[in-house]
Structures are given as structure tokens and as C-alpha cells.
Amino acid sequence: MTGTESSAHRDERMPHPTPADRALRAVADSVTGSRPRRPEDIADSSIPVAATVVLLRDADDGLEVLMIERPDRGSFAGAWVFPGGKLEGEDRREPDEPEEATARRAGARETHEETGLVIDPDAFETLSVWDPPPGLALRIRTWFFVAPAPGGEIDLQPDEAVAAEWARPADLLGRHGRGALTLYPPTWVTLHGLSAHPDAASALGAARIAGVQQFETVARRGAEGPILLWDGDEEWDPDAAASGSRHRLEIGALPWRYSRTAGPGLTAG
């Protein structure tokens, strides 16, 4: 057997990584590349900032969200995401304005550029801000907003998205759990939270009452693979006393497992 034939056989036995494989590898890399968190990490001005918009609408079967599929290249190759992207200079009105205000305009601009939909940033409810594990070579702090779906037809930009779909959050999570589509952890956790709401008014009202949720991520390796931790988990702060509390996402195997509880008596999703 020649070297070329041997390589061909190896390629047949070892298929190229799928988008889901690449997503898990990217998160797994955060376990080995991250460092302990510091209080200033959440407001680090040296890292890029992005905004994403979760558009909501009511359908016969309940609440639906707009998802777009990224092309099979780039940082989120092949993943299903909410519309959004990085903040640009044009998004900032005042030099010292709050980052959240700039992110609102960026979210509206990026959503229009990617989907053709025109949305009013004043209609947004701020849902969360996500900060990846510190110490990674590439970190992007991302603001998540929720908003009612506007009228108009979706007109995707091919460089930004290859497909779009309105779907129920629970259905998207189910497909992900079967390996039928690729999601990244912030998208997964956001869908998990939205799956509890029967309609858009409920989801928007809950976001308004809860205020901005801070997801300052710490990565650990568990027995089954990577675990992402957030404030409220007893292992998030190494100096905190043992409490039995959980706020984590276990992503080593499908379906992923999300747990959030204030103390003994674990609540999992």
C-alpha cells in the first residue's frame, strides 16, 4: 500500500470534524487555556465587544425565536445563532457612553445587515452579558437583547448566514441534543431560559423584571468533559465556602445538562 493509499484509508476512517465537533473543541480549549477570574475581567476594555438580538414572535404552538445558520467558516462555522456581531465605531454616540447603549445600536445595525429586518433598539430589553473564560487568546464580551419581531421579510446576506428559521426554543434544544444542529453555550442557555415562556410578552416581561444577568464564565474539566461555571456555583469562586449550590452547564456529552440552584436540592435542565 502506498503512502497516498494509506492516507486515503485514514481519511475514510477519520472523517473531517463537523461543526459540532469544532464547537466542542473550541469550548474544550477554554478549559486548558483559561486562568482564574479577576473582578476587573467583566469590564476589560481591551477585548472586543459584540451584541446579539433575540427576536421573539408568537405562533400557534407558542413562542418562537429567529435563528440564523452561519456559513461553514469563521469562528462560529456552521452554528445556529441569533443575529448580531461586533461593535463598530459608528455605533458609539458619545466617547464615555455606557457600553450597553453602544451595544444596543450595534445589535440593531447587525441584525439589519444580516437579515434585512429593521428593528428599534429602544424596544430592546437587555437580557444578559457574557464574558468568556479569561486568559484565552480570543475573548469577545457579548450583550444579549430580546425584542419583539418586526414586520418585513427576511433577506439574508450570504456572507453572514446561509439559512434562517423561526423555531420554538424547546425544539431547538431537542435537535441540538440529538446532534442535529450546532449551538454554542450562550445560545443554548438563552434558549433554555426562553423555553419556560409561553409567549413573547412573558419572555419580555421576565427580562425586564430580572435585569441584566451576568455570565462571568469559568471553565473546568469534569469526569465527562468540559463544565462551564457561573456565579452561584460553589466551584465558581475557589475561595467560597462549600454550599452545594449549582450554576453550570455540562457539555462533555449530548444532551447538555444545565443546573441552577441556590443550595441543596439540585434543579437541572
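# Exercises on a predicted model

**Exercise 1. Which residues of helix 3 are buried, and against which strands do they pack?**

Solution. Step 1: the buried residues of helix 3 are Thr102, Ala103, Arg105, Ala106, Gly107, Ala108, Arg109, Glu110, Thr111, Glu114 and Thr115. The structure is a predicted model.

Step 2: these buried residues pack against strand 1, strand 2, strand 4 (84–86) and strand 6.

Step 3: look at the end of the helix. Just after helix 3, glycine 116 has a positive phi of about 80°.

**Exercise 2. What span should helix 3 have, at 1.5 Å a residue?**

Solution. Step 1: helix 3 has 17 residues, and the expected span is 1.5 Å times one less than the number of residues. This gives 24 Å.

Step 2: compare this with the model. The end C-alpha atoms of helix 3 are 24 Å apart, which agrees with the expected span.

**Exercise 3. Is arginine 105 buried or exposed, and what does this residue touch?**

Solution. Step 1: locate the residue. Arginine 105 is in helix 3.

Step 2: apply the cut-off. Arginine 105 has a relative accessibility of 17%, and buried means under 20%, so arginine 105 counts as buried.

Step 3: list the contacts. Leaving out residues up to four places away in sequence, arginine 105 touches Asp91, Arg92, Arg93, Glu97 and Pro121.

Step 4: pick out the charged partner. Arginine 105 forms a salt bridge with glutamate 97, and their closest N and O atoms are 2.3 Å apart. Glutamate 97 is buried, as is arginine 105.

**Exercise 4. Which parts of the chain does the salt bridge of arginine 70 and glutamate 114 tie together?**

Solution. Step 1: check the distance. The N to O distance between the side chains of arginine 70 and glutamate 114 is 3.1 Å, and a salt bridge needs these atoms within 4 Å.

Step 2: place both residues. Arginine 70 lies in the loop between strand 2 and strand 3 (80–81), and glutamate 114 lies in helix 3 (residues 99–115), so the salt bridge ties together parts that are 44 residues apart in sequence.

Step 3: check burial. Both arginine 70 and glutamate 114 are buried.

**Exercise 5. Where do arginine 37 and glutamate 216 lie, and which residues share their salt-bridge network?**

Solution. Step 1: the closest N and O atoms of arginine 37 and glutamate 216 are 3.8 Å apart, and the pair forms a salt bridge.

Step 2: arginine 37 is in the loop between helix 2 (19–33) and strand 1, while glutamate 216 is in strand 8 (residues 213–216). The two residues are 179 residues apart, and the pair links distant parts of the chain. Both arginine 37 and glutamate 216 are buried.

Step 3: follow the shared partners. Salt bridges join Arg37, Asp44, Asp131, Arg139 and Glu216 into one network. The count for the protein comes to 21 salt bridges.

**Exercise 6. How many bridges join strand 6 to strand 1, and how many to strand 5?**

Solution. Step 1: strand 1 (residues 49–59) and strand 6 run parallel and are joined by eight bridges. In this pairing, leucine 56 has proline 148 of strand 6 as its bridge partner.

Step 2: strand 5 (residues 125–131) pairs with strand 6 in the antiparallel sense over five bridges. Here valine 129 stands opposite tryptophan 143 in strand 6.

Step 3: check the cover. Of the eight residues of strand 6 (residues 141–148), seven are buried.

**Exercise 7. Which residues have the most contacts inside the largest nonpolar core?**

Solution. Step 1: the largest nonpolar core has 32 residues, and Leu56 and Val65 have the most contacts inside it.

Step 2: name the elements. Two or more residues each come from strand 1, strand 2 (62–69), strand 5, strand 6, helix 4 (169–177), helix 5 (185–194) and helix 6.

Step 3: set the other core beside it. Another core, of 16 residues, lies apart and includes Val49, Ala106, Leu117 and Ile119.

Step 4: examine leucine 56. Among the residues that leucine 56 touches are Val65, Val146, Pro148, Trp166, Leu194 and Leu204.

**Exercise 8. How does alanine 206 count by its relative accessibility?**

Solution. Step 1: alanine 206 is in helix 6 (residues 200–210).

Step 2: the relative accessibility of alanine 206 is 30%. Partly exposed covers the range between under 20% and over 50%, so alanine 206 counts as partly exposed.

Conventions. Residues numbered from 1 in each chain as written. Predicted model: local features only at pLDDT ≥ 70, side-chain atom pairs only at ≥ 80, totals over all residues. Heavy atoms only, no water. Helix = DSSP H or I, 4+ residues; strand = E, 2+ residues; numbered from the N terminus. Buried < 20%, exposed > 50% of the residue type's maximum accessible area, 1.4 Å probe, protein only. Pairing = 2+ DSSP bridges. Core = buried A, V, L, I, M, F, W, Y, C linked by side-chain atoms within 4.5 Å. Contact = heavy atoms within 4.5 Å.
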